Amino acid sequence: MKRITAFLSAAVMAFSSYAAAVPASAAEPYINYAEALQKSIYFYECQQAGPLPDWNRVEWRADSTMDDFIKGGWYDAGDHVKFNLPMAYSASMIAWGLYQYADGIEKCGEMDNYVNNLTFVLDYLAACDLGEEVVFQVGNGQKDHTWWGPVELYDYAMNENGGYEGRPYYSGTKCSAAFGEMAAALAAGYCALQGRSSKTDYYLEHAKNIFKIADAAKSDDEYQDSDASGFYRSSHFYDELFWAANWLYKATGDKAYLDKATSYIPYLDKELGSDELKYTWSMCWDDSMQGGMLLYAQNTGDAAYIARVKKHLDYLVSGVNKLEGGLAYFHTWGCLRYASTSGFIAAVACDTLDLGNTSAYEEFYKTQADYCLGDNPLGQSFVVGYGENAPRNAHHRTAHGSWNNELSNPTENRHILYGALVGGPDSTGAYVDDRQNFINNEVACDYNAGFTGLMAKMTEKYGGKTDPSFPKPEKRDDEFYVEAQMKQQSDSGVSLSLKLVNHTAWPARVVDNLSYRYYFDASEVTGAGYNASDITVRIDRDQAAMYGDEYRAEYSPVTHYKDNIYYIEVKYPNGEAILPISEGRQSCETMLSLVFPDYKSGWDAENDYSNQDILTSEDPVKTDKVTVYIDGKLIFGTEPDGTKPDPDQDAPPAIKGDVNLDGKVSMTDAIVLNKYLVNITKLNSSACENADYNSDKKINILDLSGIKSYLIK
């Protein structure tokens, strides 16, 4: 009990002392760095490829591209290719953030999430090491960019017209930039994860081998001749070798790596028309020179190279163009990635080198951080899901959730891509939340990389408060329904178009054993002395059968429902007949005709339940009077007797200890319960049910003890 009480007391102290930074004046926006860090790390879970780990928190993501030669890793941006050069750069910067600012990450409770996401990508990069050669890309950018849709259905979309043979992978030896970046990421991960992962030696082993291959080749010939060059063409490779050698020296203490780093310096970029080492640019996926120079200054303590770092910082403060509000504006495309990464470089330099008076540099990195989070002339947050005026329509296929391969449909993104740093304002400082403007609304792993490290720094320095209930469940729109249209009606019967729609997005998926029911009133038939079974049912079109016999729909006979109401049920045992991948496949049509017995007159279409919404429209109508089922369970619509779907059928199952209702038990649940016990927060009924860990119909410290005991096994 002493340990439990100590845990409770420590948590209470943490909550009371580690509050969000208080603005210096009432006019300044509320900046919560810890929340921004929390959401920035979450963004990488949205980018995960392959089989998702059990700790992935994104309700609209599922396993994807499962036939990749190397599974795992991160999709690059709003597309579905795994480009190792920017991915490895992102991983190295994420690792550096942990290496440098672990205290900030730990204090705000994000260490588990941070480590999980870092190890996930490092596992992939290590797996790309094949021994004698290394994989540097999985997927083809040219083919990938022909389709706009959710990645969970990527293979179906690529094979819609047949002939798809899976995603290619690219490997070789002459890819020094990509391999240097991969080696740097693995070595930085080794440094950052000491005491936090059992895989560090494994990462270092692969860092050494990949670096050896990169250094031996000193060439990008194979890389530049591949699909990658059309998307992430490398400008040079000595900067990546320099970057990697410095990280390997930090990881091993082996002077041979430091000597390697020294040997690359003559080949690094120079200022135009000068022999002076370049200092007028930003750390980024294609240029790791400034980060490497900072590490080299740390590793050597050489005053000349400390001065080189300082010269770069002076350029950041007074040389680079600034927008109103102080944003360092390096480039139109994705300007915020450069600014936030430069802010991170400035912060690390201030904290690790003797630079004299650093106040101007400190002001610089704080300005870059705050601008991203809403302290700018527009009052605009540039992080999706952060702040009151946050972007929503990031250029991202899966977050958008289109069902018909259309960038503009639907109008609003169906999912909140929490934590994604968008490209940012244009050169005038203007910004519009427009998905189709990919220059300003693209998101990518490298955009968030330096930003995440900067948020760790700002959280360590200024504090903040994460959201214990994050991520909250999204409000879902209808994923399955029927669009109905009356094609023809007369005294002898009706002809209808019935389209079953699959607009799944939580996640986008194939669902077998779908069916729907069209209801009609047969009183005029039975009143004429016939049985309802005498009605002629004719199927004039079965779209599913066009794709092959294995997709063919099944049709019930006329089936009694209640009183004079009957129905026809259309079933799709094979859900691949209806997929949200294109205009033609997002719905599947049946042309259904019902004819009065013996082709006599007397049919009344107006008394048929399922016709209520469609008789007055010439266009297809989404109607809840045609009910939809999965495995016979009602999921959409209202049956004639008023039966509706169970409102709780999509709710996550009750899990003892899952206080924040995210489908698993973690330290976050203990923190939320602790806050409840000390009257900081409230719990809804479902959370209370899960919080009663020992099922004694009380919520107290014993439940907190039970959750903690479970977490520490």
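A crossing of two helices is left-handed if the near helix is turned anticlockwise from the far one by less than a right angle, and right-handed if clockwise. In this predicted model, the crossing of helix 11 and helix 12 is left-handed. The briefing below treats that helix pair and then a sheet of 3 strands.

**Helix 11 and helix 12**

- Two packed helices are described by the angle between their axes and the distance between the axes.
- Helix 11 spans residues 255–264 and helix 12 spans residues 289–300; the two pack at an angle of about 130°, and their axes lie 11 Å apart.
- Helix 11 is therefore oblique to helix 12.
- On the side of helix 11, the contact is made by Leu 258, Ala 261 and Thr 262, while helix 12 contributes Tyr 296, Asn 299 and Thr 300.
- Of the residues in this contact of helix 11 with helix 12, 3 are nonpolar, 3 are polar and none is charged.

**The sheet**

- The sheet is open, with 3 strands in the order 1-2-3 and antiparallel pairing.
- Strand 1 (82–83) and strand 3 (169–172) are at the edges; each has a single partner strand, so one side of each is left without a neighbour in the sheet.
- Strand 2, formed by residues 134–138, pairs with strand 3 in the antiparallel sense over 4 bridges.
- Gln 137 stands opposite Tyr 170, which belongs to strand 3.

**A helix on the sheet**

- Helix 7 (residues 176–192) packs on the sheet, where it touches strand 2 and strand 3.
- The direction of helix 7 makes about 100° with that of strand 2.

Technical notes. Residues numbered from 1 in each chain as written. Predicted model: local features only at pLDDT ≥ 70, side-chain atom pairs only at ≥ 80, totals over all residues. Heavy atoms only, no water. Axes fitted to C-alpha atoms, helices over the stretch in contact; angles between N-to-C directions. Parallel < 35°, antiparallel > 145°, perpendicular 65-115°, else oblique. Contact = heavy atoms within 4.5 Å. Nonpolar A, V, L, I, M, F, W, Y, C, P; charged D, E, K, R; others polar. Pairing = 2+ DSSP bridges.
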